[in-house]
Amino acid sequence: MIKHLRIDHRLLHGQVVYSWLKSIECNALIIANDDAANDDTRSKLLMMSAPSNKKVLIRSVGAAEKILNDERNIKTQFFVIVETLEDANYLAENVPSIKSINVGSIRKTENSEAVNNAVFLNSEHKSILRALAGKGIEIEARQIADDTKIDLTKKL
């Protein structure tokens with residue numbers, strides 16, 4: 001069961017460990033990122049930030065999809081982190097239990113507009129978010145759990 005899906009270009013860092021993982025009841029963390037899954041050094045660096053009281057998996061996005069859809073994991077409460085909106089979209093299209101996406105940070109790109117100091121949306125991002133919202137998926141922006149939710153559908 002997915003408790004939380006977060007987009008954060010930094011993946012695992014202090015805000016996630018000290019804010020989100022203390023407020024979201026989960027027992028496993030999946031970092032779904034192709035680059036990190038295939039880069040031993042990056043994986044080891046991410047694991048240095050990992051909390052010791054949670055099972056932490058670093059997997060490709062495709063492997064994360066399989067884990068999240070595996071009925072043997074139905075009782076596991078997953079906190080999932082992806083680096084990009086495209087990866088979140090892939091998971092949302094292929095993992096039916098995803099009902100909400102937290103946008104923590106999306107890097108500034110050419111022709112992107114600031115939603116807050118960490119989320120920058122370009123026209124492609126907006127198109128993806130509209131499609132996700134059209135499927136009934138909640139799209140919200142917050143950097144830390146105590147922040148007020150920003151409904152990103154109102155920013156499109």
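The following exchange concerns the core, the central strands and the salt bridges of a predicted model.

Residues are numbered from 1 along each chain as its sequence is written, and side-chain values use heavy atoms, with hydrogens and water left out. Local features need pLDDT of at least 70 and side-chain atom pairs count only at pLDDT 80 or more, whereas totals for chains, interfaces and linings use all residues.

Visitor: Which residues of the largest nonpolar core touch the most other members?
Guide: A nonpolar core is a set of buried Ala, Val, Leu, Ile, Met, Phe, Trp, Tyr and Cys residues joined through side-chain atoms within 4.5 Å; buried means under 20% relative accessible area, exposed over 50%, and partly exposed in between (1.4 Å probe, protein chains only). The largest such core has 33 residues, and those touching the most other members are Val80, Leu91, Ile101, Val103 and Leu132.

Visitor: With which residues is valine 80 in contact, leaving aside its neighbours within four places in sequence?
Guide: Contact means heavy atoms within 4.5 Å. By that criterion, the partners of valine 80 beyond four places in sequence are Ile2, His4, Leu5, Arg6, Ile30, Ala32, Leu68 and Leu91.

Visitor: Why is strand 2 described as largely enclosed by the rest of the structure?
Guide: Helices (H or I, at least four residues) and strands (E, at least two) are DSSP runs, numbered from the N terminus. On one side of strand 2 lie Ala28, Ile30 and Ala32, on the other Leu29 and Ile31, and all are buried. Strand 2 is therefore largely enclosed, the number of its residues that are buried being five of the five.

Visitor: Which residue in strand 4 is the bridge partner of alanine 28?
Guide: Two strands pair if DSSP finds at least two bridges between them. Strand 2 and strand 4 run parallel and are joined by five bridges. Within strand 4, alanine 28 has as its bridge partner phenylalanine 78.

Visitor: How many residues apart are lysine 135 and glutamate 93?
Guide: These side chains form a salt bridge (3.6 Å, N to O), the term denoting a side-chain nitrogen of Lys or Arg within 4 Å of a carboxyl oxygen of Asp or Glu. Lysine 135 belongs to the loop between helix 6 and strand 8 and glutamate 93 to helix 5, a separation in sequence of 42 residues.

Visitor: Is lysine 126, the salt-bridge partner of glutamate 113, buried or exposed?
Guide: The closest N and O atoms of glutamate 113 and lysine 126 are 3.1 Å apart. Glutamate 113 is partly exposed at 47% relative accessibility. Lysine 126, with a relative accessible area of 12%, is buried.
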